[in-house]
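Got the model open in your viewer? Let's walk through it one selection at a time.

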Amino acid sequence: MVPLQWYLILAATLFCVGVYGVLARRNAVAILMSVELMLNAVIVNLLAFWRYSDPAVVVGQAFAVFVYAVAAAEVAVGLALAVSIYRSRQTVDVDQLNLLKW
Amino acid sequence: MTLQQIFFFVFAALTLVGGLAVVTARKLFHAALWLLLTFFGVAGLYVLLEAPFFAAAQLFVYMGAIGILIIFAIMLTRGIMRQDAPRFNEQWWLAGLLAIVLLVVLGWLAWQQPWTTTAAPIREDSLHLLGLALVDPEGFALPFEVASVLLVMALIGAAMIVKEG
């Protein structure tokens with residue numbers, strides 16, 4: 001059996017890779033992809049805790065389902081925003097998106 | 001080392017190599033393909049965690065729907081496939097430092113905590129239990145309905161945002 005710690009450390013690593021991508025990438029679509037990495041790390045954590053505590057308690061799985069739903073909603077709205085911004089500004093480089101900056 | 005642990009390392013390597021390539025790839029289209037590899041590695045981990053429903057959902061929802069949606073967005077915004085623009089902003093080193101500090105703290109917490117685990121066998125009807133819990137008024141019926149409404153609103157909103165004019 002794989003120890004629980006291995007899953008937790010893997011999920012932590014994946015999450016931190018996502019954090020780096022969100023903070024360091026310039027492209028809005030690349031930032032959305034990094035957010036997907038972070039959400040995947042969260043689901044791995046939820047399912048690992050579900051499996052290694054009592055598997056008859058489905059709370060971990062239920063939360064994973066909700067994370068899936070929120071991730072799908074997030075990526076749909078986020079990519080729509082990216083396409084919409086590209087139409088009006090011809091760029092999705094977040095360094096050049098300063099419309100709301102005074 | 002058991003067979004399970006070997007497979008864990010294989011899928012963990014796929015996940016992490018894919019993830020690192022996503023955030024460092026120079027071409028955005030390559031990043032999207034690496035993202036699909038990461039999703040596949042995570043699906044393998046779900047199989048090891050004996051959650052076959054989530055492994056299948058990972059393949060359909062993430063690799064299928066979200067992967068294709070991201071590739072569509074990349075192609076619809078042609079200018080972002082330009083190669084000469086720098087990948088990272090000027091605070092990339094600060095972001096890297098923050099990510100490493102976060103990783104050290106999280107890893108230390110996960111490692112030193114004496115988790116009490118029960119390796120109880122999975123019940124045959126665990127998916128059945130999940131389905132019942134999602135529609136049970138005492139369980140997750142309300143969050144489940146709210147999640148459905150959220151998804152519909154998000155899709156309508158996305159269509160509104162990209163509508164011409």
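Start where the two chains meet: chain A puts 62 residues into the contact and chain B puts in 74. Keep in mind that this is a predicted model. On the chain A side, the elements giving two or more residues are α1 (4-24), α2 (28-52) and α3 (59-89). Which of them gives the largest share of that side? Select α3(A), which supplies 19 residues. Now colour the chain A side by residue class, and you should find 44 nonpolar, 11 polar and 7 charged residues.

**Two helices across the interface**

Next, show α3(A) together with α3(B). Their axes are 10 Å apart and pack at an angle of about 5°. An angle under 35 degrees counts as roughly parallel, so α3(A) is roughly parallel to α3(B).

Turn on side chains here. From α3(A), pick out Ala64(A), Tyr68(A), Ala72(A), Val75(A), Ala76(A), Leu79(A), Ala82(A) and Val83(A). Facing them in α3(B) are Phe54(B), Ala57(B), Val61(B), Ala65(B), Ile66(B), Leu69(B), Ile70(B), Ala73(B) and Leu76(B). How many polar or charged residues are in this contact? There are no polar and no charged ones, just 17 nonpolar residues.

**Chain A by itself**

Hide chain B for a moment. Chain A has 3 helices and 0 strands, in the order α-α-α along the sequence. Line the view up with the principal axes and its C-alpha atoms fill a box of roughly 50 × 25 × 20 Å. The radius of gyration of chain A is 17 Å, whereas a compact globule of 102 residues would have one near 13 Å. Of those 102 residues, 56% count as buried. If you draw the contacts in chain A with a separation of 6 or more, 51% of them join residues 24 or more positions apart.

**A helix pair inside chain A**

Now select α2(A) and α3(A). How do these two run relative to each other, parallel or antiparallel? Their axes come within 9 Å and cross at roughly 175°, which makes α2(A) roughly antiparallel to α3(A). Residues making the contact include Leu32(A), Leu39(A), Ile43(A), Phe49(A) and Trp50(A) from α2(A), and among those from α3(A) are Phe63(A), Val67(A), Ala71(A) and Leu79(A). The class count for this contact is 18 nonpolar, 3 polar and 2 charged residues.

Two residues are worth a second click: Ala64(A) and Val75(A) both take part in the contact with α2(A), and both also meet α3(B).

**Over to chain B**

Bring chain B back and colour it by domain: domain 1 spans 1-83 and domain 2 spans 125-165. The C-alpha centres of these domains lie 24 Å apart.

Zoom in on Glu50(B), in the loop between α2 (28-48) and α3 (52-76) of chain B. Its phi is near 60°, a positive value in a residue other than glycine. Why does Glu50(B) count as partly exposed? Because it has 15 C-beta neighbours inside 10 Å, and partly exposed covers counts between the exposed limit of 12 or fewer and the buried limit of 20 or more.

Last stop: Ala56(B), in helix α3 of chain B. Ala56(B) is partly exposed too, with 13 C-beta neighbours inside 10 Å. Draw a distance from its C-alpha atom to that of Gly44(B), 12 residues away along the chain, and the separation is 9.9 Å.

Notes
Residues numbered from 1 in each chain as written. Chains lettered and ligands numbered in written order. Predicted model: local features only at pLDDT ≥ 70, side-chain atom pairs only at ≥ 80, totals over all residues. Contact = placed C-beta atoms within 7 Å. Helix = DSSP H or I, 4+ residues; strand = E, 2+ residues; numbered from the N terminus. Nonpolar A, V, L, I, M, F, W, Y, C, P; charged D, E, K, R; others polar. Rg over C-alpha atoms; globule rule 2.2 N^0.38 Å. Axes fitted to C-alpha atoms, helices over the stretch in contact; angles between N-to-C directions. Parallel < 35°, antiparallel > 145°, perpendicular 65-115°, else oblique. Domains from an automatic or database assignment.
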